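Student: I have a model open and would like to work through its sheets, pocket and charged pairs. Can we go through them one at a time?

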Amino acid sequence: MYHYKPFLTLLCCTVLLLSSVLAFSQTKVELENINEKLEKVYTTDQLTRKELNEAQKTYGYGSKEFNEKLNAMNVQDSINRGIALNILDRFGWLDKTLLSDKASKAFFYTIQHADLETQIKYKHFVGGAFRSGQISNHEYAIFQDRLNVRLGKNQLFGSQTAFDNIGNSYLYPVDNIDSIHRRRGQIGLQELDLQLKESNIKYDFPQSNSPIYDITLIGHFWNTSNIGVANISVWHGEKLIGKSDSNGFLFSKYSFFDKDEITLTFKQLDKTVGQQQIKKGKDFYELYIQIKQ
């Protein structure tokens, strides 16, 4: 499990500014061209997300209008990656003194909104940008949370929430939840309770009756009409782990009991409606089961 280490405000002076090569080798016109391209990347990145949020508020998650904006955002993200990452590969992470405010943000938000493979490939660039002061503690923390969640690891700062296909909103599991307020305060994030309230998040971090557990299970159970199905029970052998609630959602903790792999069985009353194997190595698993009814 990933454990939090406090951010350092000052690091060793051996950190290099990756933009120095560009500063001496590129003309003013070429730099202006790069700046213009990166400004457009940042502007379109933010605009497509604003439009997606507006579609969700107006028409609802999963609506036709929402899906159209989601597809448009994904297409634009692909275009932006082609532009920004090509510049990054050629010149490194340009110092923010060489670029406009918008352009200097383009590298970070392109990687932040990229697919997992791209985030893993470029995470060392993000780390270097943090150490050299090109991005803030806040931005670096959000990147770490998103990468952790995508790898099935607990987040450190509670910045990552999600909506499922049946309208449930939830906070992804957090490492050492008792110290979350101190960690968020150190990087300038608002209190977690305020974030969840403003984002209309239904489900907070799950509690456990046992101090010993290995995994958090996040279950999503819906029917062919895309409506949540209640009382789908999750079993490990003869042990009942939990049941989906009236929204078709389950948030529960469980232990592998010294096993490296276990098989979960999903039941509706006494009828088995699915199974899934899970292995150690992750902090949480998401379970997606459509019930045929």
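The questions and answers below take the sheets, the pocket, two loop residues and the salt bridges in turn.

Tutor: This is a predicted model, in which local features need pLDDT of at least 70, side-chain atom pairs count only at pLDDT 80 or more, and totals for chains, interfaces and linings use all residues. Residues are numbered from 1 along each chain as its sequence is written, and side-chain values use heavy atoms, with hydrogens and water left out.

Student: In what order do the three strands of the open sheet with mixed pairing stand?

Tutor: Strands (E, at least two residues) and helices (H or I, at least four) are DSSP runs, numbered from the N terminus. Two strands pair if DSSP finds at least two bridges between them. In this open sheet the pairing is mixed, and the order is 6-3-9.

Student: Which strands are at the edges of that sheet?

Tutor: An edge strand here has a single partner strand, so one side of it is left without a neighbour in the sheet. That applies to strand 6 (249-254) and strand 9 (284-291).

Student: How many bridges join strand 3 to strand 9?

Tutor: Strand 3 covers residues 215-223 and runs parallel to strand 9. One bridge partner pair is threonine 216 with phenylalanine 284 of strand 9. The number of bridges joining the two strands is eight.

Student: What is the average twist from one strand to the next in the open sheet of four strands?

Tutor: This sheet has antiparallel pairing and the order 5-4-7-8. Strand 5 (239-243) and strand 8 (271-279) each have a single partner strand, so they stand at its edges. For angles, axes are lines fitted to C-alpha atoms, for helices over the stretch in contact, and the angles run from 0 to 180 degrees between N-to-C directions. The twist from one strand to the next averages 25 degrees.

Student: Which residue in strand 7 stands opposite valine 234?

Tutor: Strand 4 (residues 232-236) pairs with strand 7 over four bridges in the antiparallel sense. Opposite valine 234, in strand 7, is phenylalanine 266.

Student: Which element gives the most residues to the lining of the largest pocket?

Tutor: On a 1 Å grid over the protein atoms alone, a pocket is an open set of points with protein on both sides within 12 Å along at least five of seven lines, and lining residues have an atom within 4 Å of a point. The largest pocket has 42 lining residues, and the closest to its centre are Asn53, Arg146, Gln160, Thr161 and Ala162. Elements giving two or more residues include helix 3 (64-91), helix 6 (137-150) and strand 1 (161-163). The element giving the most, with seven residues, is helix 2.

Student: How many charged residues are in that lining?

Tutor: Asp, Glu, Lys and Arg count as charged; Ala, Val, Leu, Ile, Met, Phe, Trp, Tyr, Cys and Pro as nonpolar; and the others, Gly among them, as polar. By class, the lining of the largest pocket has 15 nonpolar and 16 polar residues, and the charged ones number eleven.

Student: Is aspartate 258 buried or exposed?

Tutor: Aspartate 258 lies in the loop between strand 6 and strand 7 (261-268). Its phi is near 65 degrees, a positive value in a residue other than glycine. Buried means under 20% relative accessible area, exposed over 50%, and partly exposed in between (1.4 Å probe, protein chains only). With a relative accessible area of 77%, aspartate 258 is exposed.

Student: What is the phi of asparagine 200?

Tutor: Asparagine 200 is in the loop between helix 8 and strand 3, and at 59% relative accessibility counts as exposed. This residue is not glycine, yet its phi is positive, near 55 degrees.

Student: How far apart in sequence are the parts tied together by arginine 49 and aspartate 77?

Tutor: The side chains of arginine 49 and aspartate 77 meet in a salt bridge at 2.7 Å, N to O; the term means a side-chain nitrogen of Lys or Arg within 4 Å of a carboxyl oxygen of Asp or Glu. Arginine 49 lies in helix 2 and aspartate 77 in helix 3, so the parts tied together are apart by 28 residues.

Student: Is aspartate 77 buried or exposed?

Tutor: Its partner arginine 49 has a relative accessible area of 16% and is buried. At 6% relative accessibility, aspartate 77 also counts as buried.

Methods:
On a 1 Å grid over the protein atoms alone, a cavity is a set of points where a 1.4 Å probe fits but cannot get out, and a pocket is an open set with protein on both sides within 12 Å along at least five of seven lines; lining residues have an atom within 4 Å of a point.
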